[in-house]
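I sat down with this model today and kept a few notes as I went. Here they are, in the order I looked things up.

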Amino acid sequence: MKHQSGELGRVAEKPLERYVRALEVISGFPEGISPTAIAEMLNLPKATAYRLIRSLAEVGLVEMTAPPSASCRLGARLERLLFAGASDGWLRIVARPILSELTEQTGEACFMARFGGEKVRSVEMVAPDNHLRAYIVPGQEITPHTGASAKAILAFQPKEVREAALSGDLPRFTAQTKTDRKELLSELAEVRKAGIALCIGEDVDGFAGIAVPIIVPGFDVQLSICVTGTISALTERKRSLIETELKNSASRLVNLLEHRASLPLQS
């Protein structure tokens, strides 16, 4: 009986294995591959291959154009999963050159933040050789009610996510810290309109942050980049320059992340 049970288990796994193999084949052809070619590569009857592909298409893992010139590519749902699964290490490699240029252009510390596991934390930072180097370190959690980088991300989350992020303790760090949830949700609405978030002495006296979200079309907002420095430098002397350079850097990162989203699965 044990032997029969094991055999049944292996038989039950075969259909799932076929789906995975089909995805592996399709992922290798970002511009599309025909169902006929997939059937040949998997050594399957054409009808079986079509059924597999239709099932994958029904749940958004594959996109297929209509016959007679049917072509398959990875679907938006699977691409979102791949995008969400990009490692911090890969993001650091991509972001560091852009952050380095942003630091040179602004003369201030710059970092990338990422939303995951219900928290926003820093991923990579580049700073000029001054006392700001230790202000934000990679891996540090950014408080949702004070950090500009957190606000820039949370503003673009669904309503329930925004409310959940602000539902816990909201400690007061300085006289400028906002702790009223209605006021904070209203601020996030303004961030959505303006596309830019601010922290003016809300977490550390005398320091400020200006951040923008990284908005990749078709994907959830997970990332932001932020410039941080003294209030006088960021809000009085350099604000226009910083906002312009932040938006330029964000556009460059969007282009790189769009390329990541279109890479084959096995890459």
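The entries below go from the whole chain to one helix, its surroundings and a few loop residues.

**Entry 1: the whole chain**

I remind myself at the outset that this is a predicted model. I counted elements before anything else: the chain has 10 helices and eight strands. I then looked up burial, and 43% of the 267 residues are buried. For contacts between residues at least 6 apart in sequence, I found that 57% join residues at least 24 apart.

**Entry 2: helix 8**

I picked helix 8, which runs over residues 181-194 and has 14 residues. From first C-alpha to last it reaches 20 Å, close to the 20 Å expected at 1.5 Å a residue.

Which residues of helix 8 are buried? I noted Leu 184, Glu 187, Leu 188 and Val 191. These four cover an arc of only 100° around the axis, so they sit on the same side of helix 8. I turned the helix around and found Lys 182 and Lys 193 exposed on the other side.

I also wanted to know what covers the buried residues of helix 8. The cover includes helix 6 (148-154), helix 7 (159-165) and strand 6 (197-200).

**Entry 3: the two ends of helix 8**

At the N-terminal end I found a cap: Asp 180 has a side-chain oxygen 3.2 Å from the backbone nitrogen of Lys 182. Lys 182 thus turns up twice in my notes, as a partner of the cap and as an exposed residue.

Just after helix 8 comes Gly 195, with a positive phi of about 75°. Gly 195 belongs to the loop between helix 8 and strand 6. Leaving out residues up to four places away in sequence, I listed what Gly 195 touches: Ala 211, Val 212 and Pro 213. I also checked Ile 215, which is 20 residues from Gly 195 in sequence and 9.7 Å from it in space, C-alpha to C-alpha.

**Entry 4: a cavity beside helix 8**

I searched for enclosed space and found two cavities of 30 Å³ or more. I followed up the second largest, with a volume of about 30 Å³. Its lining consists of Pro 144, His 145, Lys 151, Leu 166, Leu 184, Glu 187 and Leu 188. Which element gives the largest share of that lining? I found that helix 8 does, with three residues. Leu 184, Glu 187 and Leu 188 were already in my notes as buried residues of helix 8.

**Entry 5: helix 2 and Asn 43**

I moved on to helix 2 (35-42), where I found Pro 35, Ala 37, Ile 38, Ala 39 and Leu 42 buried. Just after helix 2, Asn 43 takes a positive phi of about 55°, and this is a residue other than glycine. I placed Asn 43 in the loop that leads from helix 2 to helix 3 (46-58). Is Asn 43 buried or exposed? Its relative accessible area is 70%, so I put it down as exposed, the cut-off being over 50%.

**Entry 6: Glu 108**

My last stop was Glu 108, in the loop between helix 5 (88-106) and strand 3 (109-116). I looked up its relative accessibility, which is 6%, so Glu 108 counts as buried, the cut-off being under 20%. Glu 108 and Val 126 are 18 residues apart along the chain, and I noted 8.8 Å between their C-alpha atoms.

Methods. Residues are numbered from 1 along each chain as its sequence is written. This is a predicted model: local features need pLDDT of at least 70, side-chain atom pairs count only at pLDDT 80 or more; totals for chains, interfaces and linings use all residues. Side-chain values use heavy atoms; hydrogens and water are left out. The expected span of a helix is 1.5 Å times one less than its number of residues. Buried means under 20% relative accessible area, exposed over 50%, partly exposed in between (1.4 Å probe, protein chains only). The arc is that of the directions from the helix axis to the C-beta atoms. Contact means heavy atoms within 4.5 Å. A polar contact is a pair of N or O atoms within 3.5 Å; within protein, one must be able to donate a hydrogen and the other to accept it, and residues adjacent in sequence count only if both atoms are side-chain atoms. On a 1 Å grid over the protein atoms alone, a cavity is a set of points where a 1.4 Å probe fits but cannot get out, and a pocket is an open set with protein on both sides within 12 Å along at least five of seven lines; lining residues have an atom within 4 Å of a point. Grid points are joined across faces, edges and corners, and a volume is the space filled by probe spheres set on the points.
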